[in-house]
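I opened this entry to look up how the ligand is held and how the helices pack around one another. The model goes in here before my notes.

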Amino acid sequence: MSLTPILTRLTAGPATVVRAVAGRALPSRLAGRTVLITGASSGIGEASAYAVAARGAHVLLVARRADELDRVRAAIEERGGRATAYVCDLVDPEQVDALVAQVLAEHGAVDALVNNAGRSIRRSVRNSFDRAHDFERTMAINYHGPVRLTLGLLPAMVEQRHGHVVNVVTWGVQAKSPKFAAYIASKTALDTFGRIVGRELLLDGVTVTNIRFALVRTPMIGPTKLYDKAPAMSPETAAARIVLALEARPLTINTAAGTALGLFTTFVPAASDVVFAVADRLLPDSSR
Ligand SMILES: NC(=O)c1ccc[n+]([C@@H]2O[C@H](COP(=O)([O-])OP(=O)(O)OC[C@H]3O[C@@H](n4cnc5c(N)ncnc54)[C@H](OP(=O)(O)O)[C@@H]3O)[C@@H](O)[C@H]2O)c1
């Protein structure tokens with residue numbers, strides 16, 4: 001049994017700090033690697049594609065909109081980077097299987113997978129009594145799609161004895177925020193799947209990071225007017241965290257607020273329910 005994956009995992013915390021402090025001064029682990037990013041046509045995925053390509057990786061861009069993927073690919077190539085675009089609707093199992101087959105045939109194993117594509121629904125349960133489909137469609141894109149893609153790409157990672165998976169989730173996984181039952185439950189499923197994959201495949205050299213973002217200013221939050229003036233991270237800052245996840249491979253990347261709300265929810269559960277129940281009544285519902 002090789003000690004390398006164990007040492008890599010045990011030093012992930014300090015490595016994250018060193019990477020965060022030393023930043024670009026260190027040579028990137030991503031140079032020459034192949035990194036597949038889903039949801040690369042917009043927002044966090046697009047910004048991450050630019051950042052990962054700038055570190056010398058060949059970026060495989062995945063999303064449904066071919067024209068947007070071509071725009072991102074062209075922008076990367078203009079800057080001297082390498083990118084290939086793949087159109088895939090991740091909620092269609094046949095399209096995911098075809099994507100896996102094509103990627104493995106063209107590139108062999110990918111070195112890293114960023115499960116970033118997703119959708120959010122902000123709607124209270126009391127307005128969802130006849131909307132079981134909201135729960136089904138968030139599971140389809142935020143859980144079943146990325147799980148199928150990950151399962152397809154893992155065997156080649158295990159075979160080559162290295163690989164890293166980054167799951168883009170939300171601080172809601174810790175906070176369990178009202179009005180997001182469908183969205184947060186699906187992201188919690190992905191977060192848990194990732195953690196267990198990371199445990200099972202650690203000794204095979206495959207690691208997993210769950211990034212639990214708070215608000216990021218992307219098209220996803222556009223429809224929620226409540227967020228227009230709320231503090232939000234830029235997609236470029238979010239992309240820098242994804243690069244950090246790929247380079248230092250920590251178990252999780254959290255926000256301070258997410259960690260605080262997670263502790264509140266875990267250690268003072270009844271009081272946290274009262275606070276969230278009141279907040280739920282004070283904040284208006286969204287149209288989607
Ligand atoms: N923005 C936030 O505040 C925030 C906070 C926490 C976590 N997140 C998470 O961050 C991730 C990226 O979101 P974003 O904020 O960057 O939103 P965004 O700009 O709306 O990007 C979503 C991406 O997902 C892709 N996508 C959606 N459905 C797809 C499908 N069925 N198949 C393939 N690709 C699909 C979209 O591409 P196409 O439409 O071209 O398919 C797009 O590239 C999501 O998982 C989201 O849950 C966002």
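Before looking at the ligand I fixed one term: a polar contact is a pair of N or O atoms within 3.5 Å, and within protein one atom must be able to donate a hydrogen and the other to accept it, while residues adjacent in sequence count only if both atoms are side-chain atoms. The model is predicted, so I noted that local features need pLDDT of at least 70 and side-chain atom pairs count only at pLDDT 80 or more, whereas totals for chains, interfaces and linings use all residues. Residues are numbered from 1 along each chain as its sequence is written, and side-chain values use heavy atoms, with hydrogens and water left out.

Ligand contacts.
I looked up T218 and found that a polar side-chain atom of T218 lies 2.5 Å from an oxygen atom of the ligand. For N116 the partner is a backbone N or O atom, 2.6 Å from a ligand oxygen atom, and for R64 a side-chain N or O atom, 2.7 Å from a ligand oxygen atom. I then read the cover: of the 880 Å² of accessible area that the ligand has on its own, the protein covers 93% (Shrake-Rupley method with a 1.4 Å probe; for residues, only the protein chains shown count as cover).

The shell.
Which elements give two or more residues to the shell around the ligand? I found α3 (43–54), β5 (163–170) and α8 (181–201), with helices (H or I, at least four residues) and strands (E, at least two) taken as DSSP runs numbered from the N terminus. The largest share, 3 residues, comes from β5. In total 30 residues surround the ligand (a heavy atom within 4 Å), and S42, N116, Y183, K187 and T218 are the closest.

Helix packing.
I read axes as lines fitted to C-alpha atoms, for helices over the stretch in contact, with angles from 0 to 180 degrees between N-to-C directions. The axes of α6 (residues 132–160) and α8 come within 8 Å and cross at roughly 15 degrees, which makes α6 roughly parallel to α8 (under 35 degrees is roughly parallel, over 145 roughly antiparallel, 65 to 115 roughly perpendicular and the rest oblique). The axes of α5 (residues 93–107) and α6 come within 10 Å and cross at roughly 25 degrees, so α5 is roughly parallel to α6. Lastly, I noted that the axes of α3 and α9 (residues 235–248) come within 8 Å and cross at roughly 60 degrees, and therefore α3 is oblique to α9.
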